[in-house]
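Dear colleague,

I am passing on to you the structure shown below, together with an account of what was found in it. Please read the notes beside the model, since they move from single residues to larger groups.

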Amino acid sequence: MRSIAYDRFGPAANVLSLTDRPTPEPGAGEVLVDLEFSGVNPSDVKARGGSRPGVTKPPFPQIIPHSDGAGTILAVGAGIDPARIGQRVWIWNGQWQRPFGTCAEQIAVPSEQAVELPDGVDMQTGASLGIPGLTACHAVFGGGDVRGKTVLVQGGAGTVGLLAVQLARWGGAHVIATARGAGAERARTAGAAEVVDFTDADMTAKVLAANDGKPVDRIIEPEFGTNIATDIALIAQNGTIAAYGSAAQPRADFNFLELMFKAATVEAILIYLLPPQQRQAIVTRLHDALNAGALHIPVEQVFALSDTAAAHEAVEKGARHGAVLVEVGK
């Protein structure tokens, strides 16, 4: 099978290479998936570049990157119902703590990591459900239903933010988003009742005004270190700041007492580590939203397998308004 692999950290064009490997055999409890699309996420790019904390060399002699993907089950290992053969599925944690991910024509994964796609959901959407979809869904619903609550989605025009706006609106929340320029209209179209420019000096006051002067119940946060002071000012008593990133400022400086006297919760989200029961609940929510026609995952660019390095570069340059995919099935 054709695949993309690397054996050292470095720039995508220098370390990613097209290789030919034997098709994997599904072991006990596994399924073999014939992939159509592989999703490229910032975490994949950072892993290939060697920017994860405390990691100085690749953890395996050779790595096929990417955790997300979608395709069709070709074969099953011992203990798996043969009726799964032919199912259209999406993949989560394809390369998490494993050497071989989804940037290949086939992948063998534990059966539970190949989730049957709902009827009518296309493969490109399926390849975007693992990291962007689960992160957005858990960020919105990790604390339970949001009906009747106010949810603030920081960065509401980004890939995860746009999905979070749609999911929160579908869940019955009053949704406020921060975005600027063309992104403001994207967030509004996705379901935000109000959109505030995050560069506005009066952003905090404008968010409060959009919620009848009251603080918000839940904040979805992609840049914790940069925005934590603002988030503390905006969060309601017993509210939650659900943070899934802090790339611009990894170290956060904030007044703990201000947070404590609101009895607010900071939830650090790493979708790779969701316990099975929580993951299943989020998968069910995600599928419910898809089946209801309430969730659209835009695709920004699709690259050929041989152009995977360009796909990584697109993510590094800030492709944030839709999924970046590699078509591995050609």
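Ser246 sits in the loop that runs between β12 (235-243) and α9 (256-260), and please keep in mind throughout that this is a predicted model. Because its relative accessibility is 19%, and buried means under 20%, Ser246 counts as buried. Its side chain reaches the backbone oxygen of Gln249 at 2.8 Å, and, once neighbours within four places in sequence are left aside, Ser246 is in contact with Pro222, Glu223, Phe224 and Gly225.

Another buried loop residue is Thr102, which lies between β5 and β6 and has a relative accessibility of 0%, so that it counts as buried. Not counting residues up to four places away in sequence, Thr102 touches Leu35, Ser38, Gly39, Pro65, His66, Ser67, Asp68, Gly69, Ile91, Gly94, Ile107 and Val328.

The loop between β5 (88-91) and β6 (106-110) also holds Gln97, which has a positive phi of about 60° although it is not a glycine. Most residues other than glycine have a negative phi, which is the reason for pointing this one out. With a relative accessibility of 63%, Gln97 counts as exposed. Asp212, in the loop between α7 (203-210) and β11 (216-221), likewise has a positive phi, near 60°, in a residue other than glycine, and Asp212 is exposed, with a relative accessible area of 69%.

Gln97 comes up again in the second largest pocket, which has a volume of about 280 Å³. This pocket is lined by 17 residues, and the closest to its centre are Ala47, Arg52, Pro59, Gln95 and Gln97. By type, the residues of the lining divide into nine nonpolar, six polar and two charged.

Ala47, one of the residues closest to the centre of that pocket, belongs to helix α2 (residues 42-49), whose buried residues are Ser43, Asp44, Val45, Ala47 and Arg48. The buried residues of α2 pack against α1 (12-15), β3 (30-40), α4 and α11 (308-316). After α2 comes Gly50, whose phi is positive, near 80°.

That leaves the nonpolar interior, for which a general point may help: in soluble globular proteins, nonpolar side chains tend to be buried together. In this model the largest nonpolar core has 53 residues, of which Trp90, Leu134, Val140, Leu167, Ile220 and Leu295 touch the most other members. The elements that give two or more residues to this core are α4 (129-141), β8 (150-153), α5 (159-170), β9 (174-178), α6 (182-190), α10 (276-291) and β15 (323-327), and the largest share, eight residues, comes from α4. If you would like one residue from which to explore this core, Leu295 is in contact with Leu163, Gln166, Leu167, Leu286, Ala289 and Leu290, leaving aside its neighbours within four places in sequence. There is also a second, separate core of 33 residues, which includes Met1, Ala12, Val89 and Ala314.

With best wishes

Key:
Residues numbered from 1 in each chain as written. Predicted model: local features only at pLDDT ≥ 70, side-chain atom pairs only at ≥ 80, totals over all residues. Heavy atoms only, no water. 1 Å grid on protein atoms, 1.4 Å probe; cavity = no way out; pocket = protein on both sides within 12 Å on 5 of 7 lines; lining within 4 Å. Points joined across faces, edges and corners; volume = space filled by probe spheres on them. Nonpolar A, V, L, I, M, F, W, Y, C, P; charged D, E, K, R; others polar. Helix = DSSP H or I, 4+ residues; strand = E, 2+ residues; numbered from the N terminus. Buried < 20%, exposed > 50% of the residue type's maximum accessible area, 1.4 Å probe, protein only. Polar contact = N/O pair within 3.5 Å; in protein donor to acceptor, adjacent residues only side chain to side chain. Contact = heavy atoms within 4.5 Å. Core = buried A, V, L, I, M, F, W, Y, C linked by side-chain atoms within 4.5 Å.
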